[in-house]
Every structure is written in C-alpha cells, then in structure tokens.
Amino acid sequence: PFDCALLDQIVLIAMDSNHSQRAAANQFLVKMKEHPDMWRRADAILETSKQEATRFFGLQVLTEAITTHWKVIPSEQREGIRNYIVTKIITLSSTDESMRANHAYLSRLNLVLVQILKQDWPHNWPTFISDIVGASKASESLCENNMKILQLLSEEIFDFSKDSMVSSKIKTMKDSLNEEFSQIFQLC
C-alpha cells in the first residue's frame with residue numbers, strides 16, 4: 001500500500017528551506033518521480049494527499065508519463081487516466097465557489113488534459129470537441145473552465161507546438177480544430 005501521509009511529510013520537508021533534511025527529501029522525490037511505474041500511484045496521491053504541493057507532485061508524475069511513454073501504457077489504462085482527469089475537472093469546475101477554492105489545482109489539471117489531448121486527439125478521442133461543447137451546457141462555471149481548456153489547446157496547436165510535436169501531428173490537430181470550430185462558435 002502507498003503511504004500518502006508519508007509522501008506529504010517528505011514534500012513538506014523538501015519545501016522547507018530551513019529543514020536539515022531538505023536536500024535528501026528533494027533527492028528522494030526526484031528518484032520517486034523517475035521510477036517508471038510511479039504514474040500508477042498518481043490517482044492515490046491526488047485522492048488522498050492533504051497537501052496541495054503533494055497533489056502537484058502527483059500531477060507532475062502523471063504529466064511526465066503522458067509526455068514520455070503515453071503510447072506504451074495499455075489503452076484501457078490511458079482511457080482510465082483520461083476519464084479520471086476529466087471527472088476531476090468537471091467536479092472542481094461545477095460551481096464558481098469550487099473553481100475559486102481550487103483555482104491552481106484546476107489549472108494544473110487543465111494542463112494535464114491538454115497533454116493528453118496532444119497525444120490522443122483527434123485520432124483516439126475524435127469526440128473531444130463535441131464532448132466539451134456538450135458538457136459546457138451543464139453550468140456556466142463548467143463552460144468557463146472548458147473555454148480555458150480550449151484556449152490552452154489552441155495555444156498549444158498554433159503557438160507552442162513547434163518544439164513538442166511533429167509537423168504532421170500539428171497539421172492534423174489544426175485541421176480537426178478548424179473543422180469542428182463551428183461547434184465552439186455556436187457555444188459562444
């Protein structure tokens with residue numbers, strides 16, 4: 001079993017500039033993050049951690065797995081990760097109060113979702129645009145967050161993609177976004 005309370009303590013030590021064990025804690029966290037199966041613990045970290053910094057560590061681990069070996073993770077586990085992130089985003093953006101209280105965490109979850117989209121959309125998640133547009137009709141706060149996700153995705157595709165994706169993938173994503181833009185326009 002994974003001891004998230006202990007991880008919380010280690011993260012707090014790593015963040016405490018006056019703690020004598022700070023360097024050791026940082027080194028331990030780096031080694032933990034480098035473990036090839038650490039991503040399997042991300043959900044436990046995100047669900048049970050009491051510290052925001054520890055949850056951010058869990059999201060870093062997950063982001064690293066998405067960007068470095070997403071294609072070798074079995075498809076049912078990739079879909080499980082994707083669904084988990086989407087569910088967390090929907091939950092945290094369901095009300096204005098929840099969005100404000102969890103702003104930084106929600107922003108990080110949005111970035112993780114965009115990393116997944118860079119890997120899966122449009123081929124492995126062709127319904128993403130219609131899914132996000134449909135979900136946006138549930139509440140104003142969810143719509144607001146979904147617009148942030150679409151903005152992040154658009155920025156990745158049109159502005160920042162040169163260094164992180166091959167040109168054929170960028171073209172495919174641009175074409176898909178352009179083809180489905182009418183749905184986003186109607187939502188606006």
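Colleague: Helices are DSSP runs of H or I with at least four residues, numbered from the N terminus. In this predicted model, between which two helices does the loop holding Asn124 lie?

Modeller: Asn124 counts as partly exposed because its relative accessibility is 44%, and, leaving aside neighbours within four places in sequence, Asn124 is in contact with Lys71, Arg82 and Gln119. Its C-alpha atom is separated by 9.6 Å from that of Glu79, although the two residues are 45 apart along the chain. The loop that holds Asn124 runs between helix 7 (103-120) and helix 8 (128-136).

Colleague: Is the peptide bond from Trp121 to Pro122 cis or trans?

Modeller: Most peptide bonds are trans, which is the background against which this one should be read. Pro122 is found in the loop between helix 7 and helix 8. With omega near 5 degrees, the bond from Trp121 to Pro122 is cis.

Colleague: Which side chain of opposite charge is nearest to Lys169, and how far away is it?

Modeller: Lys169, which has its place in helix 10 (residues 167-187), touches Lys118, Gln119, Trp121 and Pro122, not counting residues up to four places away in sequence. A polar atom of the Lys169 side chain lies 2.9 Å from the backbone oxygen of Trp121. A salt bridge requires a side-chain nitrogen within 4 Å of a carboxyl oxygen, and Lys169, though buried, has none, since the nearest side chain of opposite charge is that of Asp120, at 7.1 Å.

Colleague: With which residue does Lys118 form a salt bridge?

Modeller: At 10% relative accessibility, Lys118 counts as buried, and its partner, at 16%, is buried as well. The closest N and O atoms of the pair are 2.9 Å apart. One residue lies in helix 7 and the other in helix 9 (residues 140-160), so the pair ties together parts that are 38 residues apart in sequence. The partner of Lys118 is Glu156.

Colleague: About how many helical turns separate Lys171 and Asp175?

Modeller: Lys171 is exposed, with a relative accessible area of 51%, whereas Asp175 is partly exposed at 30%. These two residues form a salt bridge whose closest N and O atoms are 2.9 Å apart. Because Lys171 and Asp175 are four residues apart in helix 10, their separation is about one helical turn.

Colleague: What is the volume of the largest pocket?

Modeller: The lining of the largest pocket includes Val11, Met15, Phe56, Phe57 and Arg108. Two or more lining residues come from each of helix 1 (4-15), helix 2 (22-34) and helix 4 (52-69). The volume of the largest pocket is about 230 Å³.

Definitions and conventions
Residues are numbered from 1 along each chain as its sequence is written. This is a predicted model: local features need pLDDT of at least 70, side-chain atom pairs count only at pLDDT 80 or more; totals for chains, interfaces and linings use all residues. Side-chain values use heavy atoms; hydrogens and water are left out. Buried means under 20% relative accessible area, exposed over 50%, partly exposed in between (1.4 Å probe, protein chains only). Lys and Arg count as positive and Asp and Glu as negative; His and the chain ends are not counted. A polar contact is a pair of N or O atoms within 3.5 Å; within protein, one must be able to donate a hydrogen and the other to accept it, and residues adjacent in sequence count only if both atoms are side-chain atoms. Contact means heavy atoms within 4.5 Å. On a 1 Å grid over the protein atoms alone, a cavity is a set of points where a 1.4 Å probe fits but cannot get out, and a pocket is an open set with protein on both sides within 12 Å along at least five of seven lines; lining residues have an atom within 4 Å of a point. Grid points are joined across faces, edges and corners, and a volume is the space filled by probe spheres set on the points.
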